[in-house]
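User: I should like to learn how individual features of a protein model are read. Could we work through some of them in turn?

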Amino acid sequence: MIPKEECFSLSDTQLVKLIAEDSDYLSCVYAKTKEYCIKFMQKQCNGIDIDEIKDIYHDAVLVLYDNAKTGNFELTCS
């Protein structure tokens, strides 16, 4: 597991590159984005069960990982 201090010191671009090399860096994605994304989706998707929202978030992280590994991902925003 990557220390949280290291996770928060990485830029998003650096993090995507590191994920492609080492899947352990996915823990940084969770540390940096999970809480914010879950709250955002709860506001946007009123009425959807929290467990379903968490599943959607997890699926999105897996898509990020797959795209980072294959080089089919270009970060265009934070």
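User: Is Phe-40 buried, partly exposed or exposed?

Analyst: This is a predicted model, and in it Phe-40 has a relative accessibility of 43%. Partly exposed covers the range between 20% and 50%, so Phe-40 counts as partly exposed.

User: Which residue forms an aromatic pair with Phe-40, and is the pair stacked or edge-to-face?

Analyst: Two quantities are read for such a pair: the distance between ring centres and the angle between ring planes. The partner of Phe-40 is Tyr-36, with 6.3 Å from centre to centre and 20° between the planes. Planes under 30 degrees apart count as stacked, so the pair of Tyr-36 and Phe-40 is stacked.

User: Where do Tyr-36 and Phe-40 lie, and how far apart are they in the helix?

Analyst: Both belong to helix H3, and because they are four residues apart there, about one helical turn separates them. Tyr-36 has 60% relative accessibility and therefore counts as exposed.

User: How many aromatic pairs does a search of the whole structure find?

Analyst: The search finds two. The other one consists of Tyr-30 and Tyr-57, whose ring centres are 5.5 Å apart; their planes stand at 75°, so this pair is edge-to-face. Tyr-30 is in helix H3, residues 26–44, and Tyr-57 is in helix H4, residues 50–70. With their positions 27 residues apart, the pair links distant parts of the chain.

User: Are Tyr-30 and Tyr-57 buried or exposed?

Analyst: Each ring must be judged by its own value. Tyr-57 is buried at 6% relative accessibility, whereas Tyr-30 is partly exposed with a relative accessible area of 24%.

User: How should I read a disulfide, and which residues does one join here?

Analyst: A disulfide is a covalent bond between the sulfur atoms of two cysteines. In this model the count comes to one disulfide. The bond joins Cys-7 to Cys-28, with a distance of 2.1 Å from S to S. The angle about the S-S bond is -65°, and the link of Cys-7 and Cys-28 is left-handed.

User: Which helices hold Cys-7 and Cys-28, and are these residues buried or exposed?

Analyst: Cys-7 is in helix H1, residues 4–9, and Cys-28 is in helix H3. They are 21 residues apart, and this pair too links distant parts of the chain. Cys-7 is buried at 1% relative accessibility, and Cys-28 is buried at 0%.

User: What is the situation of Cys-45?

Analyst: Cys-45 is in no disulfide, and the nearest cysteine sulfur, that of Cys-37, is 12 Å away. Cys-45 has 29% relative accessibility and counts as partly exposed. Cys-37 is also partly exposed, at 25%.

User: How do helices H2 and H3 meet, and which residues make the contact?

Analyst: One reads the distance between the axes, the crossing angle, and then the residues in contact. The axes of H2, residues 12–21, and H3 come within 9 Å and cross at roughly 145°. From H2, Asp-12, Leu-15 and Ile-19 make the contact; from H3, Leu-26, Cys-28, Val-29 and Lys-32 do so. By class, the contact has five nonpolar residues, two charged residues and no polar ones.

User: Finally, what does the side chain of Ser-27 reach?

Analyst: The side chain of Ser-27 reaches the backbone oxygen of Asp-24 at 2.9 Å. Ser-27 lies in helix H3 and counts as buried at 18% relative accessibility. Setting aside residues up to four places away in sequence, Ser-27 touches Met-1 and Ile-2.

Conventions:
Residues are numbered from 1 along each chain as its sequence is written. This is a predicted model: local features need pLDDT of at least 70, side-chain atom pairs count only at pLDDT 80 or more; totals for chains, interfaces and linings use all residues. Side-chain values use heavy atoms; hydrogens and water are left out. Rings of Phe, Tyr and Trp (its six-membered ring) pair if their centres lie within 6.5 Å; planes under 30 degrees apart count as stacked, over 60 as edge-to-face and the rest as tilted. Helices (H or I, at least four residues) and strands (E, at least two) are DSSP runs, numbered from the N terminus. Buried means under 20% relative accessible area, exposed over 50%, partly exposed in between (1.4 Å probe, protein chains only). Axes are lines fitted to C-alpha atoms, for helices over the stretch in contact, and angles run from 0 to 180 degrees between N-to-C directions. Contact means heavy atoms within 4.5 Å. Ala, Val, Leu, Ile, Met, Phe, Trp, Tyr, Cys and Pro count as nonpolar, Asp, Glu, Lys and Arg as charged, and the others, Gly among them, as polar. A disulfide is a pair of cysteine sulfur atoms within 2.5 Å. A polar contact is a pair of N or O atoms within 3.5 Å; within protein, one must be able to donate a hydrogen and the other to accept it, and residues adjacent in sequence count only if both atoms are side-chain atoms.
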